[in-house]
Amino acid sequence: MKNLIMSLCLALMTTVSYAKVETLYIETIEVENFDSQSAIEGDAGEVIAIAKEIVALGEQVYTLVQKGKPSNTTSFTPINIVPKDPISKEIVDPLDMENCSFPVQKKFATKMMTGGVEVVRFEYMVLYTYNCSYNGTGKYIQNAIVQPVSVKTGYGWDFNASMKLQGITNHGTKAQPVVGAILTIKYSMNSWRTAFERNDTVHISGNGGLKIFSN
C-alpha cells in the first residue's frame with residue numbers, strides 16, 4: 001500500500017512538472033446587438049499620460065475579470081486623448097472636440113487550450129470613437145474602453161484580467177496630429193497543475209485603425 005501511494009505521488013509530481021499550455025490565441029467575433037453606451041459614461045477623469053501637446057485623460061488601470069467573474073466597467077472612466085490649446089496651453093475638454101465618428105465596437109475572444117480541451121475562454125469588447133478634431137485640426141480618440149463580455153473557465157481554473165494604458169503617440173505631424181493609444185490587457189490563468197501569464201497589446205489610432213499584438 002505504501003509503495004502504491006508513493007507511485008501515485010510520483011505520477012502526480014511528474015504530471016504537474018510537465019503540465020503546459022498548448023495553444024493560446026485570439027479570434028475576432030462579429031458584433032451582435034451590443035449596447036456600447038453603458039461603457040462610455042463618466043467624466044473626463046485624470047491626466048494619465050502626456051506626449052508633448054497630447055494628453056490622455058481617464059483611468060490608468062482597471063480590473064476586467066477577477067476570479068473568473070467579469071467586472072462591471074461602467075463605473076470606470078473611458079480614455080480620452082485630447083490636445084492642449086495652442087494659445088492657452090490648457091487641456092481641451094473632451095466635449096469641445098468636434099466631428100467624432102460614431103462609436104466603433106469590436107469583439108474578441110482569447111482561448112486557452114490544454115490537452116486538446118478549451119479551459120479558458122474570455123470574450124471582451126473594445127469600444128472607441130475616432131477622427132475627433134479641435135478647431136479643425138488633428139485626429140483624436142475618445143471614449144476608448146475595454147469591456148468584458150463573458151468568461152468561461154474549466155473546472156479547477158482561475159482567471160484574472162486587467163487593462164492598462166501603456167502609452168500614447170502621434171502618428172501624424174505637429175500641425176495635424178494623428179494620435180495612437182496603446183492598451184495592454186494582462187491575463188493570469190491558474191490551475192492546480194500550472195500557472196500562466198500573458199499580455200495582449202491593443203493599438204488604436206485616431207484614423208480608426210485597431211490592431212492586437214500577442215506575446
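A residue counts as buried when its relative accessible area is under 20%. Keep that cut-off in mind for this tour of a predicted model.

**Stop 1: the whole chain**

Show everything as a cartoon. The protein has one helix and 13 strands. Start at the N terminus: the helix comes before the strands in the order of elements. Now switch on the surface. The protein exposes about 11,800 Å². Carbon and sulfur atoms supply 52% of that area. Of the 215 residues, 43% count as buried. Contacts reach far along the chain, too. Take those between residues at least 6 apart in sequence: 62% of them join residues at least 24 apart.

**Stop 2: histidine 203**

Select strand E12, residues 195-205. Histidine 203 lies in this strand. Is histidine 203 buried or exposed? Its relative accessible area is 18%, under the 20% cut-off, so histidine 203 is buried.

Show side chains here. Which side chain makes a polar contact with that of histidine 203? The partner is histidine 171, and the contact spans 3.0 Å. Next, select what histidine 203 touches, leaving out residues up to four places away in sequence. His171 is on that list as well. So that you can pick out the others, look for Gly180, Ala181 and Ile182, then Gly209, Leu210, Lys211 and Phe213.

**Stop 3: a salt bridge in the same strand**

Stay in residues 195-205, the span of E12. Select aspartate 200 and arginine 198. They form a salt bridge, with the closest N and O atoms 2.7 Å apart. Check their exposure. Aspartate 200 has a relative accessible area of 0% and is buried. Arginine 198, at 5%, counts as buried. Why can such a pair form? Side chains of opposite charge can pair when their charged atoms come close.

**Stop 4: the E8-E9 hairpin**

Move to strand E8, residues 117-134, and strand E9, residues 137-153. The two pair in the antiparallel sense. How many bridges does the pairing run over? Eleven. Zoom in on the end of E8. Tyrosine 134 stands opposite threonine 137 in E9. E8 and E9 form a hairpin, with two residues between them. Click on asparagine 135 in the turn: its phi is positive, about 55 degrees.

**Stop 5: charges around E8**

Select glutamate 123 and arginine 121. Their salt bridge brings the closest N and O atoms to 2.9 Å apart. Glutamate 123 counts as buried at 12% relative accessibility. Arginine 121 counts as buried at 16%. Now add Lys107 and Glu118 to the selection. These two are linked with Arg121 and Glu123 in a network of salt bridges.

**Stop 6: a link between two loops**

The count of salt bridges comes to five. Finish with one of them. Select glutamate 53 and lysine 89, whose side chains meet at 3.7 Å, N to O. The pair links distant parts of the chain, 36 residues apart. Where does glutamate 53 sit? It is in the loop between strand E2 (46-51) and strand E3 (54-58). Lysine 89 is in the loop between strand E6 (80-83) and strand E7 (104-114).

Color by exposure once more. Glutamate 53 counts as partly exposed at 39% relative accessibility. Lysine 89 counts as partly exposed at 47%. Go back to aspartate 200 and arginine 198 to see the contrast: aspartate 200 is buried, and arginine 198 counts as buried.

Terms used. Residues are numbered from 1 along each chain as its sequence is written. This is a predicted model: local features need pLDDT of at least 70, side-chain atom pairs count only at pLDDT 80 or more; totals for chains, interfaces and linings use all residues. Side-chain values use heavy atoms; hydrogens and water are left out. Helices (H or I, at least four residues) and strands (E, at least two) are DSSP runs, numbered from the N terminus. Buried means under 20% relative accessible area, exposed over 50%, partly exposed in between (1.4 Å probe, protein chains only). A polar contact is a pair of N or O atoms within 3.5 Å; within protein, one must be able to donate a hydrogen and the other to accept it, and residues adjacent in sequence count only if both atoms are side-chain atoms. Contact means heavy atoms within 4.5 Å. Two strands pair if DSSP finds at least two bridges between them. Accessible areas come from the Shrake-Rupley method with a 1.4 Å probe; for residues, only the protein chains shown count as cover. A salt bridge is a side-chain nitrogen of Lys or Arg within 4 Å of a carboxyl oxygen of Asp or Glu.
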